[in-house]
Amino acid sequence: MADNAFDFEQVIAELEGLIIQLRSPQRRAEARDQGIDVDVEVARLDAELQRVMVQHYTNLSPWEKVQMARYKDRPYALDYIRSIFDEFMELSGDRMAGNDEAVVGGLARLDGEPVVVIAQQKARDLKERQRRNFGMAHAEGFRKALRLAKLAEKFHKPLISFVDTAGAAADLKAEEHGVSEAIARNLREFALLETPVVCVVIGEGGSGGALGVAVADRVLMLEHSIYSVISPEGCAAILWHDKAKGAEAAEALQLTAQNAKRFSLIDEVLPEPLGGAHRNPLEMAETLKAALIKHLGALKPLEIQEIVESRYKRMRCYGTWEERQA
């Protein structure tokens with residue numbers, strides 16, 4: 001962890017480094033020669049590490065949450081898909097222009113039940129990031145997502161959507177191919193989709209890029225994920241003409257999962273392993289799988305028309321406001 005630690009994790013990284021050193025055969029031999037009980041010292045440091053981690057990770061600032069959501073070792077959509085689903089068969093292309101690899105999706109089984117999965121996929125190395133455009137979809141990606149959503153509707157299978165993007169692609173190609181129209185169409189079509197839909201924000205839920213695949217009956221967020229109309233840096237550039245004020249913007253945007261739940265924008269915040277999902281991806285996948293099974297199970301007995309009407313009412317009730325006298 002020490003090589004990849006955030007600035008705010010230095011104390012934790014140092015403690016972990018000390019524990020690793022003490023557990024090495026060479027240090028154990030040296031300590032034994034000096035009459036020192038290494039196991040006692042390691043236990044003491046472990047206890048201190050747990051105390052510091054609990055204290056820190058239960059009090060992350062919004063800006064620190066942003067850093068956690070963007071962390072390069074954080075599990076991405078395909079990591080969860082491989083861990084949670086069986087028999088995943090990826091389907092490609094939008095049947096109009098091409099295959100946008102920022103969006104992946106296909107058929108799978110969840111606990112034995114057939115489902116359709118769509119997801120935004122980031123990457124860890126430069127070549128893969130370029131191939132997937134850093135998880136930022138063009139119009140073709142949103143059309144691919146809609147094609148798979150319509151497939152789920154046609155065969156009466158639940159749709160599961162994983163959100164993890166800084167936003168939609170904003171280059172010349174995206175504009176020429178109609179990315180804004182594609183997002184708008186998805187908002188409408190997903191709202192009317194005649195099949196249960198569950199969405200999970202696993203990292204960044206950025207602007208229209210997220211909304212284009214996030215209209216759902218149940219919306220979940222991982223504990224250290226974020227959901228916002230704009231990135232903190234983009235907000236800071238607009239309000240203060242200074243991207244360096246991203247931390248202030250993150251505070252003002254109230255983009256954390258906890259705030260989204262407080263504002264009734266989502267249904268559940270899924271706890272992450274202590275220190276973040278990247279510290280124990282399998283545990284996080286198990287938590288996520290259990291949540292998907294629970295929410296789809298709650299939707300299963302409902303009539304389709306009831307589900308669609310409830311989804312529409314849900315969207316109409318988004319947000320809170322106050323009326324004040326001028």
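In the predicted model, Glu 87 is exposed, with a relative accessibility of 60%. The side chain of Glu 87 meets that of Arg 109 in a salt bridge, with an N to O distance of 3.5 Å. This pair links distant parts of the chain, since Glu 87 belongs to strand 1 (residues 86-90) and Arg 109 to strand 2 (residues 103-110), 22 residues apart. Arg 109 is partly exposed, at 31% relative accessibility.

The Glu 87 pair is one of 24 salt bridges in the structure. Another joins Arg 311 to Asp 217, where the closest N and O atoms are 2.8 Å apart. Arg 311 is located in helix 15 (residues 304-316) and Asp 217 in the loop between helix 10 (207-211) and strand 6 (218-222), so this salt bridge ties together parts of the chain separated by 94 residues in sequence. Both partners are buried: the relative accessible area of Arg 311 is 1%, and that of Asp 217 is 5%.

A salt bridge is also found within helix 7 (residues 139-154), between Glu 153 and Lys 150. Their closest N and O atoms lie 3.4 Å apart. Because the two residues are three positions apart in this helix, about one helical turn separates them. Glu 153 has a relative accessible area of 17%, which is under the 20% limit, and therefore counts as buried. Lys 150, by contrast, is partly exposed at 32%. Beyond these pairs, a network of salt bridges links Arg 70, Lys 122, Asp 164, Glu 204 and Glu 233.

Helix packing was examined for helix 1 (residues 10-23) and helix 2 (residues 25-33), whose axes come within 5 Å and cross at roughly 70 degrees. The two helices are therefore roughly perpendicular to each other. Gln 21, Leu 22 and Arg 23 of helix 1 make the contact with Pro 25, Arg 27 and Arg 28 of helix 2.

Asn 186, in helix 9 (residues 179-191), is buried, with a relative accessible area of 1%. Leaving aside residues up to four places away in sequence, Asn 186 touches Phe 142, Ala 145, Leu 146, Ala 191 and Gly 212.

On the surface, Ile 238, Leu 239 and Trp 240 form a nonpolar patch of about 310 Å². Within this patch, Trp 240 occupies the loop between helix 11 (232-239) and helix 12 (246-253). Trp 240 is partly exposed, with 32% relative accessibility.

Definitions and conventions. Residues are numbered from 1 along each chain as its sequence is written. This is a predicted model: local features need pLDDT of at least 70, side-chain atom pairs count only at pLDDT 80 or more; totals for chains, interfaces and linings use all residues. Side-chain values use heavy atoms; hydrogens and water are left out. Patches are made of residues with over 30% relative accessible area and no salt bridge: like charges are joined within 9 Å, nonpolar side chains (Val, Leu, Ile, Met, Phe, Trp, Tyr) within 5 Å. Accessible areas come from the Shrake-Rupley method with a 1.4 Å probe; for residues, only the protein chains shown count as cover. A salt bridge is a side-chain nitrogen of Lys or Arg within 4 Å of a carboxyl oxygen of Asp or Glu. Helices (H or I, at least four residues) and strands (E, at least two) are DSSP runs, numbered from the N terminus. Buried means under 20% relative accessible area, exposed over 50%, partly exposed in between (1.4 Å probe, protein chains only). Axes are lines fitted to C-alpha atoms, for helices over the stretch in contact, and angles run from 0 to 180 degrees between N-to-C directions. Angles under 35 degrees count as roughly parallel, over 145 as roughly antiparallel, 65 to 115 as roughly perpendicular and the rest as oblique. Contact means heavy atoms within 4.5 Å.
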